[in-house]
Amino acid sequence: MGRARGNQDVELRHLRTFETVARTLSVTQAARELHYAQSSVSDQIQALERELGVDLLDRSQRRVRLTPQGVALSEYTERILKLLEEARWAVSRPGAEVAVGALETVCLHLLPGVLARYRSLYPEARVRVTQGNRGELYKAVRRGDVDVCLTFGAPPADAGLRAETLTEEPLVVIAPPDHPLAGRGRAPLADLVKEPFLATERGCGFREMYDGAFSGAAAKEPVAEVSSIGTLGACVAAGMGCALLPHVAVRAQADRREVAVIEVEDARLRTAVTMTWLDRNSANPNLVGLQTVLRRQLGA
């Protein structure tokens with residue numbers, strides 16, 4: 001049943017109380033979390049209903065249930081309170097530090113331009129950069145040692161983490177500059193699979209890309225395993241074989257003509273560039289600012 005609309009402004013404390021009831025579906029639990037008496041919680045919900053002119057709770061049953069209007073309001077309330085938290089953080093922590101973690105390749109080839117742009121927009125903020133492998137970076141995010149990390153591929157499934165794909169990076173094959181396929185620029189996978197390949201060690205994200213590309217009938221064991229992208233590129237340049245890597249990781253070597261880049265004709269080989277952060281850290285204004293720059297600089 002509808003209610004007569006009131007003449008007072010909606011109070012923030014009523015929205016916060018309603019959000020807690022909507023989340024817990026319990027007046028008792030909401031009162032406990034907010035340190036209110038249960039009667040105070042009920043009074044605030046009723047005051048909000050009078051102001052909005054709708055029923056927010058279905059009182060026809062013993063258990064707390066939201067009406068359709070209550071469900072709709074709960075979505076807006078969550079956003080309103082989150083925005084308020086961001087505003088509070090922004091005015092209470094000016095110039096705070098933002099910590100970024102990234103793979104070696106991302107640190108070298110993607111981050112510098114992003115951080116330079118971020119510093120030009122937020123000169124009061126301090127930036128700390130940590131380099132590591134994917135496992136180390138995700139652990140650092142969970143511990144709160146870094147605010148956001150940048151990796152290739154999808155992050156692990158974790159209720160406490162949030163992630164977003166910024167762009168996709170093509171995977172290419174690099175070969176010695178005098179390789180017979182070097183002048184073609186493109187080659188089918190059937191031709192490439194015949195060549196000796198080098199790869200990083202098992203457990204590395206780049207090794208997962210390699211194994212995924214050469215899976216099934218094209219399964220291919222590398223002739224050598226190395227521990228870093230720099231060493232891998234140097235070995236290819238020296239003539240040991242070919243390698244499969246994100247294009248951004250080999251662009252500088254290709255520009256210096258130390259290696260030749262070969263695109264794979266009959267396979268859509270790409271990897272996501274992903275940023276991952278703690279959900280509870282989403283209100284950090286320095287993180288929000290950095291994420292905005294990341295989307296603008298790297299977004300597809």
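## Cysteines, a surface patch and two hollows

The sulfur of Cys149 sits 11 Å from the closest cysteine sulfur, the one in Cys107, and that is too far for a bond. Keep in mind as you look around that this is a predicted model. For a disulfide, two cysteine sulfur atoms would have to be within 2.5 Å, so Cys149 and Cys107, at 11 Å, don't make one. Cys149 is also tucked away: its relative accessibility is 0%, so it counts as buried.

Now hop along the chain to Cys235. Here the closest cysteine sulfur belongs to Cys242, and at 13 Å it is too far for a bond as well. Cys235 has 15% relative accessibility. Buried means under 20%, so Cys235 counts as buried. Take the whole structure together and you'll find zero disulfides.

Next, come out to the surface. Leu12, Tyr76 and Ile80 make up a nonpolar patch there, of about 280 Å². Leu12 is a handy place to start looking, since you can find it in helix H1, which covers residues 12–24. How does Leu12 count in terms of exposure? Its relative accessibility is 34%, so it counts as partly exposed; that label goes to residues in between the 20% limit for buried and the 50% limit for exposed.

From the surface, let's turn to the pockets. The largest pocket has a volume of about 360 Å³, and 20 residues line it. If you want to find its centre, look for Leu103, Asn133, Cys204, Gly205 and Phe206, the lining residues that lie nearest to it. Which helices each supply at least two residues of this lining? They are H5 (104–109), H7 (134–143) and H9 (205–213). H9 gives the largest share, with three residues.

Last stop: the space that is closed off. Counting cavities of 30 Å³ or more, there is one, and the largest cavity holds about 40 Å³ of space. Its lining is made by Leu198, Ala199, Thr200, Phe206, Arg207, Tyr210, Leu232, Ala243, Leu244 and Leu245. Strand S8 (198–200), helix H9 and strand S10 (243–246) each supply at least two of these residues.

You have met some of these names before. Phe206 is one of the residues lining the cavity, and Phe206 is also among those nearest the centre of the largest pocket. Helix H9, likewise, supplies lining to the pocket and to the cavity.

Conventions: Residues numbered from 1 in each chain as written. Predicted model: local features only at pLDDT ≥ 70, side-chain atom pairs only at ≥ 80, totals over all residues. Heavy atoms only, no water. Buried < 20%, exposed > 50% of the residue type's maximum accessible area, 1.4 Å probe, protein only. Patch = residues over 30% accessible without salt bridge, like charges linked within 9 Å, V, L, I, M, F, W, Y side chains within 5 Å. Areas by Shrake-Rupley, 256 points an atom, 1.4 Å probe, with all protein chains shown as cover. Salt bridge = Lys/Arg side-chain N within 4 Å of Asp/Glu carboxyl O. Helix = DSSP H or I, 4+ residues; strand = E, 2+ residues; numbered from the N terminus. 1 Å grid on protein atoms, 1.4 Å probe; cavity = no way out; pocket = protein on both sides within 12 Å on 5 of 7 lines; lining within 4 Å. Points joined across faces, edges and corners; volume = space filled by probe spheres on them.
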